Amino acid sequence: MTKLPRKPSKSLLSEAEAPVRSRPRKKRDPTQHQLTLDPMPARIDPCLALLKARPPKGPQWAFEVKWDGYRLAVHIEPKGVRILTRGGHDWTARFPAILAAAKRLPVSTAILDGEAVVFDELGRSDFGKLQQSLGGRGGNRLSPEAVMMTFDLLYFDGHDLMETELTARRHLLEGLVPAGGEEAIRLSEEIEADGETLLRIACEHGLEGIIAKDRNSTYRSGRGGDWLKIKCIQSDGFAIVGYQRSGSAFGNIGALLLAARKGDDLIYVGHVGTGFKADEAMKLRATMDRIKVAKPAVKYSGGRKNLIWIKPKLVAEIEYRAWTHDGKLRHPSYKGLRDAADSAAVYSFE
């Protein structure tokens, strides 16, 4: 005979009308936009372009203008907007127009990748003008005229896009920052052209060069080769190891003595005596005189007189046409000092 089930010793509810309740949950962290979505990174190391002599070929490559300025990441967060330099420094207050434009974007959370630039009278990005607007290297001025040319979207409304291919990231970016805008945050537009043709046109218009990006690539920090840069005129960072004193030159600087890296060592790669402006030269001279040393950081046998050696702490941006057969810069011109906030790198021989 089948036994009837035993009655429970206790009612499932302590009272007949009492509602069923789960245990109380912890309160939601108000600083998190949505806990169910991807957490927003505090900072992302940028993807960097690898220097190449010629543009790549193939339908997978997208092309843009190369902008000459400071790399920035704009973080739009529930608690406000942060503007970070390539080296992770918070320069939110120094770009008031970019900050105001970021607050007007129709998005609750986002990370935009781009370049802060100041344009010359012909509409070309001018690194020297950007530095002047910020008060020079180490200055602390605001730059209300700086514009951010935006070329990537790494986080969007609670979603991490770094593992998403470039084509999809660009599609979302173009919906957020439309082409042809006049705001302080503008779209760096893709240009439908053959790479060789675009490079020729860019050089004819006095631009620095072009950028090529693999349409199928995800966003990878560092110089992995998914992004390439092709320059009209070579421009790189070189360590200043000394200067030649001259009573007839701006700031009494006859020439700067430059060095590049080779392995763990610095090697002398020539001097530059053009491109200086009077006010910049005076500031540069004062900066160098604070870090003078008795012995050079490189082997030098150039035969120049009145040389002052300094610690190799300053990185100068130098334009040049090519390299000579003995490893010296050909037709160099001084563009300015790179700021530590922009993670200034010294040219390195492979």
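This is a dialogue between a student and a tutor about reading the cores, cavities, pockets and disulfide of a predicted model.

Student: Before turning to details, how many helices and strands does the protein chain have, and what share of its residues count as buried?

Tutor: The protein chain of this predicted model has 5 helices and 20 strands, and 45% of its 350 residues count as buried. Among the contacts between residues at least 6 apart in sequence, 68% join residues at least 24 apart.

Student: Which residues touch the most other members of the largest nonpolar core?

Tutor: In the largest nonpolar core, which has 31 residues, those that touch the most other members are Val74, Ile76, Phe95, Ile98, Leu112 and Ile185. At least two residues of this core come from each of strand 3 (70-77), strand 4 (80-85), strand 5 (110-117), strand 6 (147-156) and strand 8 (185-187), and the same holds for helix 1 (96-104), helix 2 (127-133) and helix 3 (166-176). There is also a second, separate core of 23 residues, with Leu256, Ala260, Val272 and Leu314 among them.

Student: Taking one member as an example, which residues is phenylalanine 95 in contact with, leaving aside its neighbours within four places in sequence?

Tutor: With those neighbours set aside, phenylalanine 95 is in contact with Leu72, Ile83, Ala116, Leu130, Leu134, Ser143 and Ala146.

Student: How should I read the empty space in the model, and how many cavities of 30 Å³ or more does a search of the whole structure find?

Tutor: The general idea is that rolling a probe the size of a water molecule over the atoms shows where empty space is left. In this structure the search finds 2 cavities of 30 Å³ or more, and about 110 Å³ of space lies in the largest cavity. Its lining is made of 15 residues, and those closest to the centre of the cavity are Ile44, Pro46, Leu72, Ala73 and Thr85.

Student: Which strand gives the most to the lining of the largest cavity, and how do the lining residues divide?

Tutor: Strand 3 gives the most, with 4 residues, while strand 3, strand 4 and strand 5 each supply at least two residues of this lining. By residue type, the lining of the largest cavity divides into 8 nonpolar, 2 polar and 5 charged residues.

Student: What volume does the largest pocket have, and which residues lie nearest its centre?

Tutor: The volume of the largest pocket is about 950 Å³, and of the 37 residues that line this pocket, Ala49, Arg86, Arg223, Lys229 and Lys231 lie nearest its centre. Two or more lining residues come from each of several elements, including strand 1 (50-51), strand 2 (61-65), strand 9 (209-214), strand 10 (227-231) and strand 11 (234-245). The lining of the largest pocket divides into 16 nonpolar, 5 polar and 16 charged residues.

Student: How many residues line the second largest pocket, and which element gives the most to that lining?

Tutor: The second largest pocket, with a volume of about 500 Å³, is lined by 24 residues, of which Asp68, Ser125, Asp126, Glu319 and Lys335 lie nearest its centre. Helix 2 gives the most to this lining, with 4 residues, and both helix 2 and strand 19 (333-337) supply at least two. The residues of this lining divide into 8 nonpolar, 5 polar and 11 charged.

Student: How should I read a disulfide, and which cysteines form one here?

Tutor: A disulfide is a covalent bond between the sulfur atoms of two cysteines. The structure holds 1 disulfide, formed by cysteine 203 and cysteine 232, whose sulfur atoms are 2.1 Å apart. The link of cysteine 203 and cysteine 232 is left-handed, with -95° about the S-S bond. Because cysteine 203 lies in helix 4 (residues 195-204) and cysteine 232 in the loop between strand 10 and strand 11, the pair ties together parts that are 29 residues apart in sequence.

Student: Why does cysteine 203 count as partly exposed, and why does cysteine 47 count as buried?

Tutor: Buried means under 20% relative accessible area and exposed means over 50%, with partly exposed in between. Cysteine 203 therefore counts as partly exposed, at 34% relative accessibility, and cysteine 232 is likewise partly exposed, at 24%. Cysteine 47 counts as buried because its relative accessibility is 2%.

Student: Where is proline 59 found, and what separates its C-alpha atom from that of aspartate 214?

Tutor: Proline 59 is found in the loop between strand 1 and strand 2, and is exposed, with a relative accessible area of 75%. The C-alpha atoms of proline 59 and aspartate 214 are separated by 9.1 Å, although these residues are 155 residues apart along the chain.

Technical notes: Residues are numbered from 1 along each chain as its sequence is written. This is a predicted model: local features need pLDDT of at least 70, side-chain atom pairs count only at pLDDT 80 or more; totals for chains, interfaces and linings use all residues. Side-chain values use heavy atoms; hydrogens and water are left out. A nonpolar core is a set of buried Ala, Val, Leu, Ile, Met, Phe, Trp, Tyr and Cys residues joined through side-chain atoms within 4.5 Å. Buried means under 20% relative accessible area, exposed over 50%, partly exposed in between (1.4 Å probe, protein chains only). Contact means heavy atoms within 4.5 Å. On a 1 Å grid over the protein atoms alone, a cavity is a set of points where a 1.4 Å probe fits but cannot get out, and a pocket is an open set with protein on both sides within 12 Å along at least five of seven lines; lining residues have an atom within 4 Å of a point. Grid points are joined across faces, edges and corners, and a volume is the space filled by probe spheres set on the points. Ala, Val, Leu, Ile, Met, Phe, Trp, Tyr, Cys and Pro count as nonpolar, Asp, Glu, Lys and Arg as charged, and the others, Gly among them, as polar. A disulfide is a pair of cysteine sulfur atoms within 2.5 Å.
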